[in-house]
Amino acid sequence: MNKAVKFILFFVLPIALFILWLGGFFSNRVEPGEGKEKGKVVSGLPVMTVEEKEVPSFYKSDGMISAENNAKVSTKWMGRILKVYVKEGDYVRAGQTLAVLDDSEIKQQKNEALAGLEELAKAKEEALAGRKAALENYEFAKRTYERFKNLYQENAVSKQQLEEIETKMIAAKSMVEQVDAKLAQLKAKEAQVKAKINQVNIMEGYAVIKAPFDGYVLKKMMDEGDMAAPGMPIFIIGEKKLQFVANLDESLLDKVKEGDQLEIELGDKKITGKVIEKNPNIDPMSRTFKIKLDIPYSENITSGMYGKILIPVSTSKKILIPKSAVVKWGQLTAVYTVNKDGTMHLTYVKLGEDYGDYVEVLSGLKPGDRIISSQTEKACDGCRIGG
C-alpha cells in the first residue's frame with residue numbers, strides 16, 4: 001500500500017467521519033419549531049369556575065366602642081396617693097377599693113376633736129357638780145326666805161332681815177342660772193365638736209377611693225405619689241355593657257333605623273350590633289348624625305377600641321373567589337388558572353373587599369376562568385392536573 005492510500009485511510013477518512021458525527025449526520029433529525037416540554041402531573045386539586053355574584057355594597061364609617069355608662073372617679077379630699085390597687089383593664093366590683101390617699105391630716109383633726117370632746121365632758125361634769133351645789137344652796141335660801149316671810153307677817157322679824165334673806169335667795173338663784181348658762185354653752189360646744197367629728201369621719205371616707213359600680217378600669221389617670229385634688233379624675237370606670245358609637249353622613253339618614261342589625265369591623269374580626277339609638281338631628285358642622293349600637297359582650301372587646309360600621313347602600317355584581325385560592329407572592333397576590341388542556345399557570349390578581357371566607361377580585365380574572373380553589377401549596381406553574 002502506497003503512502004497516499006495510507007494517508008487517506010488513516011488520517012483524512014477518520015477526520016471526515018468525526019466532522020460528520022459532530023454535525024449530527026449520523027443522528028435522527030428534528031424538524032424546526034417550538035419544542036414542547038411535558039409538565040409535572042398533579043392529582044387531586046379542586047378546580048372551580050369563576051363567576052360574578054350579586055353582593056351588597058357598603059358605606060363604611062369610623063366609630064368607637066364605649067361603655068354604656070362611664071364614671072370619672074375623683075375625691076373630695078386633697079392628698080397624696082399612697083397606694084393604687086388596680087390597673088387599666090381590671091374588672092372591679094361596686095364598692096371595691098381602688099386607691100388610698102394620705103389621711104394623716106384628717107386623723108390629726110379627728111384626734112384633736114376627740115381630745116376637745118373629752119375636755120368638754122370633764123367641764124360638763126364639773127359644771128353639773130357645781131349646779132347641784134348651787135341648786136341646794138338656792139333651795140335652802142328659798143326655804144329660809146319663806147320662813148322669814150311668815151315671821152315678818154307675824155311681826156317676829158324686821159323688814160330688813162327679810163330683805164337680807166331675799167337677797168341671798170336671789171343670789172343663789174342667779175348662781176344656778178349661771179351654771180345652767182355654762183352648761184348650755186358646753187352643750188353647744190359639744191354639738192359643734194361632734195359635728196366636726198362626723199365631718200372628719202366623712203372626710204376619712206374621701207381618702208379611700210372606691211368603685212361606684214361594677215365595671216372595668218378604662219383609664220388610670222394618676223399613680224402612687226401623685227397629688228389628688230377635688231374634682232380631678234383618678235380613674236375612669238366603664239360598665240360591662242358596651243356600645244358602638246358612630247357618626248354617619250346625612251345621606252344615610254333614611255337608610256338606618258332603630259332595630260337594624262349592622263356589621264362592625266374591629267381589626268381582623270367582625271361583630272353584629274343592634275341599633276338602639278338614632279339621633280335624627282344633623283350636626284351643621286360635620287353634616288352627620290349619631291347612632292348607637294348595642295354589641296355582644298366579649299373579653300376581647302374593650303371600651304375605646306376603634307372600628308368601622310358597615311351600612312348596606314346598594315348591590316352590584318362582583319367576582320368573588322375563596323381566600324384559599326389566593327397565593328401570596330411577596331407583596332403580590334396570585335391564583336393558579338387552569339387551561340383547557342389542564343395546564344396550570346400562576347396568574348397575578350388585584351384583590352378588593354373582604355367578604356368573610358371570600359375576597360373580591362378587581363383585575364386578573366374574568367367570568368368563566370377556571371382556577372385552583374384550594375390546596376394551592378400542591379400546585380405549580382406549568383404543571384398539569386391529573387385525573
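This is a short walk through one structure, from its core to its largest pocket.

Okay, hi everyone. One thing up front: what you see is a predicted model.

Let's start inside. The largest nonpolar core is made of 23 residues. If you want to find the ones with the most contacts inside that core, look for Leu 98, Ile 209, Phe 235 and Ile 237. Several elements feed into this core: β4 (70-73), β5 (79-84), β7 (97-101), α3 (159-206) and β11 (235-238) each bring at least two residues. The largest share comes from β7, which gives three.

There's also another core, lying apart from that one, with 20 residues. Leu 252, Val 256, Ile 271 and Ile 311 are among them.

Back to Ile 209 for a second. What does Ile 209 touch, once we skip its neighbours within four places in sequence? Quite a list: Val 73, Ser 74 and Thr 75, then Gln 96, Thr 97, Leu 98, Ala 99 and Leu 101, and finally Ile 234 and Phe 235.

Ser 74 is on that list, so let's zoom in there. You'll find Ser 74 in the loop between β4 and β5. Is Ser 74 buried or exposed? Somewhere in the middle: its relative accessible area is 32%, and because buried would need under 20% and exposed over 50%, Ser 74 counts as partly exposed. Leaving out residues up to four places away in sequence, Ser 74 is in contact with Ile 209, and also with Gly 231, Met 232, Pro 233 and Ile 234. And here's a nice one for the viewer: Ser 74 and Phe 235 are 161 residues apart along the chain, yet their C-alpha atoms are separated by 7.1 Å.

Now, the sheet. Four strands form an open sheet in the order β4-β11-β9-β6, and the pairing is antiparallel. Why do β4 and β6 (91-92) each have one side without a neighbour in the sheet? Because they stand at the edges, with a single partner strand each. For β6, two bridges link it to β9 (residues 215-220), antiparallel again. Val 92 sits opposite Gly 215 in β9.

Strand β9 takes us to the last stop, since it gives the most to the lining of the largest pocket, three residues. That pocket has a volume of about 200 Å³. Its lining has 15 residues, and the ones nearest the centre are Gly 89, Tyr 216, Ile 301, Thr 302 and Ser 303. By class, the lining splits into seven nonpolar, five polar and three charged residues.

That's my tour, thanks.

How values were computed. Residues are numbered from 1 along each chain as its sequence is written. This is a predicted model: local features need pLDDT of at least 70, side-chain atom pairs count only at pLDDT 80 or more; totals for chains, interfaces and linings use all residues. Side-chain values use heavy atoms; hydrogens and water are left out. A nonpolar core is a set of buried Ala, Val, Leu, Ile, Met, Phe, Trp, Tyr and Cys residues joined through side-chain atoms within 4.5 Å. Buried means under 20% relative accessible area, exposed over 50%, partly exposed in between (1.4 Å probe, protein chains only). Contact means heavy atoms within 4.5 Å. Two strands pair if DSSP finds at least two bridges between them. On a 1 Å grid over the protein atoms alone, a cavity is a set of points where a 1.4 Å probe fits but cannot get out, and a pocket is an open set with protein on both sides within 12 Å along at least five of seven lines; lining residues have an atom within 4 Å of a point. Grid points are joined across faces, edges and corners, and a volume is the space filled by probe spheres set on the points. Ala, Val, Leu, Ile, Met, Phe, Trp, Tyr, Cys and Pro count as nonpolar, Asp, Glu, Lys and Arg as charged, and the others, Gly among them, as polar.
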